[in-house]
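Dear colleague,

Please find below the structure that I am handing over to you. My notes on what was found in it follow directly after.

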Amino acid sequence: MIALARDGMNGLRLVLAGLAAVIVGLLVWRGGGERQPGPMASLSVLAPGATSLPAGDAARPAIERTLAQATEYAAVIDRMQQSFPADYERLLIEFADRARQDGRIESADYYLSEMTRGLRQRRGILAARSSPTALAHIFDMQAQMLGALSQANPKLCVDFLYGNVSPGFYDFAGKHRALVASMALAAVDAVTDGRQQKIDRRAPTTADFDLLESELTRRGLSRTEIDALLDGRTPEQAVPDARMCQAGRLYIEALQTLPDESRSRIQALAVELMARS
């Protein structure tokens, strides 16, 4: 995940850090706290909804059937097939290879997460060049997801902020597929829009970050919390899950109040860094 640090060359240095100052949801979820080798995240335990691999090595048909049965995800699958057919085909091949290796078929929620993450890795940088509306919609959906997670389980909400995923998330996703699908569509649509718009934005300025910091202060965030969000500093004392989740929600709320150009520059930077991570 990313945080945005404000120091170094020309008064602004951008770094990758452990804490998610800005999150892009399904495009950045991955298994565990560390990046796993290869194109897909691996789980140390069986994800909820997983089943044994059918006889006859029918991995791909079984995966396609699993996705088709999750009708809430149909629009996402259709959009992927229409807009990024080569990426969709490559991902299904990888899913089938992994299923044969592990001897099981995962849940539709797992495959949708991995599908959008795979698109982020190959095409996500295009989302940074999308229109202000498409960019803002990504973060609108993030706010909705954080709200739902905070009500269901603050620990899952914090995992979301840190870019971690656990079987508990798949339980949540299975009960909130409409929300998960809407967030995935926002990400896919931003990539598609960026491929057409090709907007070239300059990096956020120190003034942009100062505006954001002022908004965070106005919303009651402490110096420690602001440093964690803007500079990726790990708090010396652990922040309770409920408070950390609230801080993430306040971050997005503050970001949404910035002037259009400042907001778009920071949002585009966040998406670009996620695509490069």
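Glu213 is buried in this predicted model, at a relative accessible area of 17%; here buried means under 20% relative accessible area, exposed over 50%, and partly exposed in between, with a 1.4 Å probe and protein chains only. The side chain of Glu213 forms a salt bridge with that of Arg223, at 2.7 Å from N to O; the term salt bridge stands for a side-chain nitrogen of Lys or Arg within 4 Å of a carboxyl oxygen of Asp or Glu. This pair links distant parts of the chain, 10 residues apart, with Glu213 in helix H9 (residues 206-218) and Arg223 in helix H10 (residues 223-231). Arg223 is partly exposed, at 42% relative accessibility. Helices (H or I, at least four residues) and strands (E, at least two) are DSSP runs, numbered from the N terminus.

Two remarks on conventions apply throughout. Residues are numbered from 1 along each chain as its sequence is written, and side-chain values use heavy atoms, with hydrogens and water left out. As the model is predicted, local features need pLDDT of at least 70 and side-chain atom pairs count only at pLDDT 80 or more, whereas totals for chains, interfaces and linings use all residues.

Overall composition

The protein has 12 helices and four strands. Of its 277 residues, 55% are buried. Among contacts (heavy atoms within 4.5 Å) between residues at least 6 apart in sequence, 80% join residues at least 24 apart.

Further salt bridges

A search of the whole structure finds 23 salt bridges. One of them joins the side chains of Glu72 and Arg177, with an N to O distance of 4.0 Å. Glu72 lies in the loop between helix H1 (59-69) and helix H2 (74-83) and Arg177 in helix H8 (residues 177-197), so this pair ties together parts that are 105 residues apart in sequence. Glu72 is partly exposed, at 40% relative accessibility.

Helix H10 also takes part in a salt bridge through Glu225, whose side chain meets that of Arg243 at 2.7 Å, N to O. Since Arg243 belongs to helix H11 (residues 241-256), the pair ties together parts that are 18 residues apart in sequence. Glu225 is buried, with a relative accessible area of 10%, whereas Arg243 is partly exposed, at 21%. Elsewhere, Asp87, Arg90, Glu94, Arg122 and Arg123 are joined into one network by salt bridges that share partners.

Helix packing

For the values below, axes are lines fitted to C-alpha atoms, for helices over the stretch in contact, and angles run from 0 to 180 degrees between N-to-C directions. In the class counts, Ala, Val, Leu, Ile, Met, Phe, Trp, Tyr, Cys and Pro are nonpolar, Asp, Glu, Lys and Arg are charged, and the others, Gly among them, are polar.

Helix H3 (residues 85-102) packs against helix H4 (residues 108-123) at an angle of about 130 degrees, with the axes 10 Å apart. H3 is therefore oblique to H4; angles under 35 degrees count as roughly parallel, over 145 as roughly antiparallel, 65 to 115 as roughly perpendicular and the rest as oblique. The contact is made by Asp87, Tyr88, Arg90, Leu91, Phe95 and Ala99 of H3, together with Tyr111, Glu114, Met115, Gly118, Arg122 and Arg123 of H4. By class, these are six nonpolar, one polar and five charged residues.

The axes of H2 and H3 come within 5 Å and cross at roughly 115 degrees. Ile77, Met80, Gln81, Gln82 and Ser83 in H2 meet Pro85, Tyr88 and Leu91 in H3. This contact has five nonpolar, three polar and no charged residues.

Helix H5 (residues 132-152) and helix H6 (residues 154-162) cross at roughly 150 degrees, and their axes come within 7 Å. Gln142, Met145, Leu146, Leu149 and Ser150 in H5 meet Pro154, Leu156, Cys157, Phe160 and Leu161 in H6. Eight nonpolar, two polar and no charged residues make up the contact of H5 with H6.

Individual residues

Ala184 is found in helix H8 and is buried, with a relative accessible area of 0%. Between Ala184 and Ser113 there are 8.2 Å in space, C-alpha to C-alpha, although the two are 71 residues apart in sequence.

Lys198 has a positive phi of about 55 degrees, although it is not a glycine. Lys198 is located in the loop between H8 and H9 and is exposed, at a relative accessible area of 54%.

With kind regards
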